[in-house]
Amino acid sequence: MERTTTIIPQEDIQAQLAHCQAVAQLTAQWPERPLAFVDTYGCQQNEADSERLRGYLEQMGFGFTQDEEQARVIVINTCAIREHAEQRVLGNAGALVHVKRRHPEQLICLCGCMVQQPQTAQKIRESYRHVDLVFGPHALWKFPEMVHALLTHRGRRFSIEDEAGSIAEGIPVVRQDSVKAWVSIMYGCNNFCAYCIVPYVRGRERSRRPEDILAEIRQLADEGYKDITLLGQNVNSYGKDLEEPMDFADLLERINEIPGEFLIRFMTSHPKDATQKLFETMARCEKVAPALHLPFQAGNDRVLKVMNRRHTRAQYLEKIQALKALIPDIVLTSDIIVGFPGETTQEFEDTLKVLEEVRFDALFTFIFSPRKGTPAAAMDDPMSREEKLQNFNRLTALQDSISEEKHRAYVGKTLRCLVDGRSDDPRWPLTARTPGNRLVRIAGGDAAPGQFRDARITGANKWSLFGELV
Ligand code: SAH
Ligand code: SF4
Ligand code: F3S
């Protein structure tokens with residue numbers, strides 16, 4: 001099969017690193033080491049992108065801050081998934097006009113999914129004149145060149161060309177955590193669910209070469225990372241564009257062979273592409289965490305069809321059953337949209353039935369938000385906001401009771417958990433994660449983040465578990 005994905009040539013990445021060096025020579029002459037503030041909205045994919053922006057910034061001689069008053073460069077990595085996400089970004093970006101008045105040399109950059117939408121880029125062009133640089137996900141790999149140009153000739157730059165998208169290897173990374181790491185295995189999405197903006201702003205599905213992914217994970221394992229999450233909008237369709245055929249289950253198998261004690265997680269999986277082979281591979285590979293995030297969005301077949309999800313409720317439930325038969329203690333999570341255009345309250349109740357049948361450990365629930373340019377934004381949407389909110393509250397109340405019950409069933413069990421952080425609460429100074437990624441607050445005990453330790457679960461509520469090290 002011919003590979004259709006564009007891979008950025010290594011010379012072009014080298015040229016970007018040369019721009020980093022040129023900027024580093026400039027910043028070395030400044031009286032103090034300059035600081036950058038990278039503020040991230042949206043999903044883990046954006047977190048992973050921000051780690052690359054930080055990698056480039058570090059090569060340019062920047063340190064990091066969370067204080068916009070201290071920052072010479074501010075980068076806001078934006079999300080477009082719901083209107084609320086956009087409004088938060090626009091509010092914060094707007095407020096920077098005052099900060100920049102106090103620090104006129106400041107460089108303000110907006111990047112990510114939101115600005116890849118032409119109408120939003122236009123709004124920033126016209127009404128956010130203090131923003132110097134705007135670039136979408138496709139142009140991220142050219143960040144050094146853009147910063148270099150702006151530091152040497154003032155002006156504004158916009159790089160938001162619409163394209164299918166490419167893959168850039170070899171961009172430096174500054175990771176946010178020393179225990180958990182994100183690894184993008186593919187980019188973009190081909191599914192065009194009727195409500196979703198992602199395919200329009202992130203381009204078509206494209207897979208990184210397995211050898212690049214395996215090399216990155218080998219290095220993470222050597223550096224002591226213990227919890228590695230593979231990222232993609234639809235990881236189950238990994239490999240379809242590769243020269244040598246390899247599917248997601250094969251990739252998991254290969255990662256599982258890498259020496260070291262670490263857990264492999266992945267997200268997101270699309271139900272239409274979740275296969276029996278994937279479930280069997282999960283069950284067999286000891287490093288693959290017993291957890292699956294499998295969004296079903298709605299429980300009614302008519303609604304699923306209009307959403308263009310290309311699976312039915314029965315197919316979804318069958319897959320869950322097959323998976324539970326192989327991995328009885330599997331931790332299941334899902335995304336749900338309430339109030340999709342035309343969904344009646346009766347149809348919504350089919351969603352509640354799926355909750356009762358599957359008994360998810362946790363859910364991510366959203367009220368439908370129309371995204372300009374998607375088919376759903378043009379659909380008739382007669383239900384009132386109040387009725388959608390009522391349905392939404394019924395959904396969260398039901399899930400809260402299920403989560404609480406599921407959590408209570410852990411009490412008395414001892415599980416091998418990954419200590420992943422410290423907390424300020426003196427009663428529970430450590431946090432840890434079960435293999436299925438449920439949060440455990442640990443009382444007393446001595447352990448360092450990054451250690452796998454047996455923890456006895458002593459209590460639970462709807463959000464988390466409580467325990468002690470044994
Ligand atoms: N690729 C992932 C989802 C990415 S977006 C998948 O297919 O599962 C994360 C979640 O945001 C989606 O699963 C959906 O539940 C929600 N979402 C996406 N678009 C939305 C919209 N327009 N309104 C409300 N929720 C939305
Ligand atoms: Fe959006 Fe659907 Fe693609 Fe997920 S699979 S990113 S919901 S279009
Ligand atoms: Fe948001 Fe883009 Fe992720 S729209 S959810 S940041 S892919």
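How far does a polar side-chain atom of Arg 82 lie from an oxygen atom of ligand 1? In this predicted model, the distance comes out at 3.1 Å. Arg 82 has company here: a polar side-chain atom of Gln 297 sits 2.7 Å from an oxygen atom of ligand 1, and for a polar side-chain atom of Asp 335 the corresponding figure is 2.6 Å. With the protein around it, ligand 1 has 90% of its accessible area covered, out of the 540 Å² that it has on its own.

The rest of the shell fills in the picture. Ligand 1 has 15 residues around it, and those that come nearest are Tyr 195, Gln 233, Gln 297, Asp 335 and Ser 369. Sorted by class, the shell is made up of seven nonpolar, four polar and four charged residues. Two strands feature here, since S15 (331-338) and S16 (362-367) each provide at least two of the shell residues.

Now for the layout of the chain. The protein is split into domain 1 (6-163), domain 2 (177-289), domain 3 (296-408) and domain 4 (414-469). Ligand 1 lies between domain 2 and domain 3, because both of them give residues to its shell. As for domain 3 and domain 4, their C-alpha centres are 30 Å apart, and eight residues of the one are in contact with eight residues of the other.

What surrounds the other two ligands? Around ligand 2 the model places Cys 189, Asn 191, Phe 192, Cys 193, Tyr 195, Cys 196, Val 198, Pro 199, Gln 233, His 270 and Arg 309. That shell breaks down into seven nonpolar, three polar and one charged residues. Ligand 3, for its part, is ringed by Gly 42, Cys 43, Asn 46, Cys 79, Ala 80, Ile 81, Cys 113, Arg 202 and Gln 233. Here the count is five nonpolar, three polar and one charged. Gln 233 turns up in the surroundings of ligand 2, in those of ligand 3, and among the residues that come nearest to ligand 1.

A few individual residues are worth a look too. Gln 106 belongs to the loop that runs between helix H3 (83-102) and strand S5 (107-112). With a relative accessible area of 0%, Gln 106 counts as buried. A polar atom of the Gln 106 side chain is 2.8 Å from the backbone oxygen of Glu 68. Setting aside residues up to four places away in sequence, Gln 106 touches Glu 68, Ala 71, Arg 72, Ile 74, Val 99, Lys 100, Asp 132 and Arg 154.

Thr 365 is part of strand S16, one of the two strands already mentioned for the shell of ligand 1. Its relative accessible area is 18%, so Thr 365 is classed as buried, the cut-off being under 20%. Apart from its neighbours within four places in sequence, Thr 365 makes contact with Ile 336, Phe 392, Leu 395 and Thr 396.

Pro 210, finally, is found in helix H7 (residues 210-222). Pro 210 is buried as well, at a relative accessible area of 14%. Its contacts, not counting residues up to four places away in sequence, are Tyr 238, Leu 242, Met 246 and Leu 251. Between Pro 210 and Cys 20 there is a separation of 190 residues in sequence, while in space the two are 28 Å apart, C-alpha to C-alpha.

Methods:
Residues numbered from 1 in each chain as written. Chains lettered and ligands numbered in written order. Predicted model: local features only at pLDDT ≥ 70, side-chain atom pairs only at ≥ 80, totals over all residues. Heavy atoms only, no water. Near = heavy atom within 4 Å. Nonpolar A, V, L, I, M, F, W, Y, C, P; charged D, E, K, R; others polar. Helix = DSSP H or I, 4+ residues; strand = E, 2+ residues; numbered from the N terminus. Buried < 20%, exposed > 50% of the residue type's maximum accessible area, 1.4 Å probe, protein only. Polar contact = N/O pair within 3.5 Å; in protein donor to acceptor, adjacent residues only side chain to side chain. Contact = heavy atoms within 4.5 Å. Areas by Shrake-Rupley, 256 points an atom, 1.4 Å probe, with all protein chains shown as cover. Domains from an automatic or database assignment.
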